[in-house]
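Welcome to this tour! Open your viewer, keep the selection box handy, and go from stop to stop at your own pace.

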Amino acid sequence: MHGLMQHRPLTIPTLLSRVETNFGHKRVITGETTSTWSDVAPRVRRLARVLDHLDVPVGACVGTFAWNSQRHLELYLGIPSSGRILHTINHRLYGEQVTFIVNDAADDVLFVDRTILPVVWPLVSSFASVRYVVVLDDGGDFPLPDDPRVLDYEDLLAQQSGDPLDFAVDDENAAASLCYTSGTTGNPKGVLYSHRSVVLHSLLLLGADVFALSERDVVAPIVPMFHVNAWGLPYAAMQCGADLVLPGPATSPEELVTLLSRHRVTFSAAVATVWRDLIPVLADHDLGSLRHIACGGGAVDDALSSAYERIIGIPLTNAWGMTETSPVVTSSRLATHHAGLTGEDRRLLLGSPGPAVPLTEMRVVADDGTLQPRDGSTPGELQVAGATIASAYFGADSGADSFTTDGWLRTGDVATIDEWGYLRIVDRTKDLVKSGGEWISSVALENAIMADPRVREAAVIGIADPRWGERPVACVVPAAGTHLTGDDVRAHLRGRVASWWIPERIELLDEIPKTATGKWSKQTLRQQLGARRAD
Ligand code: ADP
């Protein structure tokens with residue numbers, strides 16, 4: 001027998017109607033510009049009519065290259081509410097990756113901040129499916145190309161009505177948004193969120209033991225809206241009616257801290273590299289309104305957290321997640337049994353991932369597939385499951401290897417879980433380097449280095465870095481009879497990979513140590529590196 005409750009699909013248009021009906025007066029701030037949801041909602045309807053006017057098919061992907069801004073928020077609402085798929089793209093990726101991503105998603109129209117146009121426009125001829133490039137004029141001075149495909153966002157909006165519109169997304173399982181994650185080998189993979197997963201994730205972020213977001217909060221997502229939907233924070237702020245503060249293109253430490261202080265922000269989230277960059281300017285501003293500062297995407301070290309505790313009075317918290325997991329799966333918190341913790345112990349607990357949030361499950365599995373005990377000391381592969389977690393990848397390569405036969409996501413992280421369900425990440429099996437919150441594929445970098453005929457072999461490993469979290473180190477074996485320097489390798493890489501991928505440290509070796517099966521032994525390399533001097 002079924003229950004007798006109303007079947008109302010969990011969809012993104014319900015978020016729009018919620019903010020408009022209940023929180024019309026609440027603020028959406030971009031840099032110096034303040035609007036309210038009453039201003040934003042009619043613009044979302046104009047946007048939906050623009051998509052109809054441009055004949056964007058229902059179910060098509062619409063790409064965005066944009067900073068955190070009100071206009072990006074309008075795209076977050078208008079694209080999925082009108083049945084299209086919001087595809088946020090990280091413009092910091094290397095050009096070839098951006099081209100792959102746009103073509104893989106078959107984006108029909110792109111919305112691009114004018115400040116990002118210098119990066120996107122040179123690639124446009126490589127985008128097979130894109131019919132229009134709609135420019136969001138955020139103050140950039142890049143000359144608008146004289147091309148019939150280029151349209152102005154505000155002009156388009158002005159031609160349409162903001163009158164009520166019946167957004168009909170009946171199927172909560174319909175695709176709502178798409179985000180690509182770096183593949184360890186090969187191309188980036190798409191994660192396709194549904195309306196249902198986005199709504200459920202926005203609700204779980206509100207939990208008192210997660211971020212405890214409420215109408216009284218002023219939420220500033222510093223994490224980019226092109227990175228896993230800014231960890232779902234814009235949608236969570238809509239659920240609870242919190243004010244939203246968005247930095248736009250102004251992302252220098254001074255600008256960010258000024259924004260947090262001026263708007264009396266209570267909750268903010270960013271990766272460790274960004275939090276670290278803000279430290280020198282913290283003391284110059286009144287940040288007394290902050291009650292929760294979340295750091296995700298990587299570990300929080302005690303030097304970082306204690307700097308915050310000393311200067312603004314609160315430590316950083318940590319959250320674990322992946323693009324595949326919407327992303328938040330854990331959020332650190334002190335439980336009843338941690339009551340006595342103080343000082344560094346308390347900071348370390350809050351700086352590690354913490355327990356699973358509602359609707360998600362975690363397990364740690366040994367190489368032979370057996371479940372590891374929850375004793376906090378027996379590591380294995382972290383696997384996760386839940387309604388906000390991907391079941392397959394988008395596109396031709398569904399990534400079957402990444403999922404277990406019983407439907408759990410294999411994370412590629414090595415972790416322990418303790419008796420209280422608290423997660424700790426101890427290592428990573430995926431061959432990636434995470435630098436400043438962004439991925440560098442070791443394999444792609446190795447291939448780029450080995451494209452140089454002067455190189456016989458190259459292996460890339462990540463090593464800890466005080467500023468970036470990790471940086472790649474390239475271990476290079478020159479071809480027989482060749483003289484090669486680190487600068488030669490860097491010069492070869494320039495133009496072949498994104499500039500921030502280029503290793504500062506390059507080790508010239510006689511050979512790369514191998515495992516018994518002939519693969520590079522990155523573990524041995526890591527041990528060797530301590531003893532060698534960089535080129
Ligand atoms: P995000 O950067 O938003 O977490 P990605 O998909 O880019 O999403 O990266 C996910 C990976 O980042 C994880 O598999 C893990 O290796 C690493 N990671 C994420 N959060 C943490 C954390 N709190 N502690 C340690 N590593 C983390």
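Start by selecting Cys240, which is buried because its relative accessible area is 8%; buried means under 20% relative accessible area, exposed means over 50%, and partly exposed is in between, judged with a 1.4 Å probe and protein chains only. Now pick Cys475, which also counts as buried, at 0% relative accessibility. How many disulfides does the count come to? The count is 0 disulfides, where a disulfide is a pair of cysteine sulfur atoms within 2.5 Å.

A word on what you are looking at: this is a predicted model, in which local features need pLDDT of at least 70 and side-chain atom pairs count only at pLDDT 80 or more, while totals for chains, interfaces and linings use all residues. Residues are numbered from 1 along each chain as its sequence is written, and side-chain values use heavy atoms, with hydrogens and water left out.

**The ligand**

Next, select the ligand and show the residues around it. There are 19 of them, and those that come nearest are Thr323, Asp413, Lys430, Lys434 and Trp439; a residue is near a molecule if one of its heavy atoms lies within 4 Å of it. By type, this shell holds 8 nonpolar, 7 polar and 4 charged residues. Here Ala, Val, Leu, Ile, Met, Phe, Trp, Tyr, Cys and Pro count as nonpolar, Asp, Glu, Lys and Arg as charged, and the others, Gly among them, as polar.

Which elements each supply at least two residues of the shell? Colour helix H8 (228–231), strand E14 (317–321) and strand E19 (423–428) to see them. E14 gives the most, with 4 residues. Helices (H or I, at least four residues) and strands (E, at least two) are DSSP runs, numbered from the N terminus.

Now zoom in on some polar contacts, which are pairs of N or O atoms within 3.5 Å; within protein, one must be able to donate a hydrogen and the other to accept it, and residues adjacent in sequence count only if both atoms are side-chain atoms. Select His227: an N or O atom of its side chain is 3.0 Å from an oxygen atom of the ligand. At Asn318, a polar side-chain atom lies 3.0 Å from a ligand nitrogen atom. At Gly321, look at the backbone instead, where an N or O atom is 2.8 Å from an oxygen atom of the ligand. On its own the ligand has 540 Å² of accessible area, and the protein covers 95% of that; such areas come from the Shrake-Rupley method with a 1.4 Å probe, and for residues only the protein chains shown count as cover.

**An aromatic pair**

Across the whole structure, a search finds 6 aromatic pairs. Select one of them, Trp275 with Tyr308, which is edge-to-face, at 5.6 Å centre to centre and 80° between the planes. Rings of Phe, Tyr and Trp (its six-membered ring) pair if their centres lie within 6.5 Å; planes under 30 degrees apart count as stacked, over 60 as edge-to-face and the rest as tilted. Trp275 is in helix H11 (residues 272–282) and Tyr308 is in helix H12 (residues 302–312), so the pair ties together parts 33 residues apart in sequence. Trp275 is buried, at 1% relative accessibility, and Tyr308 is buried with a relative accessible area of 1%.

**Unusual backbone**

Most residues other than glycine have a negative phi, and most peptide bonds are trans. Go to Ser326 and Pro327, which are joined by a cis peptide bond with omega about 10°. Pro327 sits in the loop between E14 and strand E15 (328–331).

Then select Ala106, which is not a glycine yet has a positive phi of about 55°. Ala106 is in the loop between helix H4 (95–105) and strand E5 (109–113), and is partly exposed at 41% relative accessible area. Asn229 is not a glycine either, and its phi is positive too, about 50°. Asn229 belongs to helix H8 and is buried at 4% relative accessibility.

**Last stops**

Is Pro148 buried or exposed? Pro148 is exposed, because its relative accessible area is 74%. Find Pro148 in the loop between strand E6 (132–136) and strand E7 (150–152).

Finish at Ala48, in helix H2 (residues 37–53), which is buried at 1% relative accessibility. Draw a line from Ala48 to Ile79: their C-alpha atoms are 6.7 Å apart, with their positions 31 residues apart along the chain.
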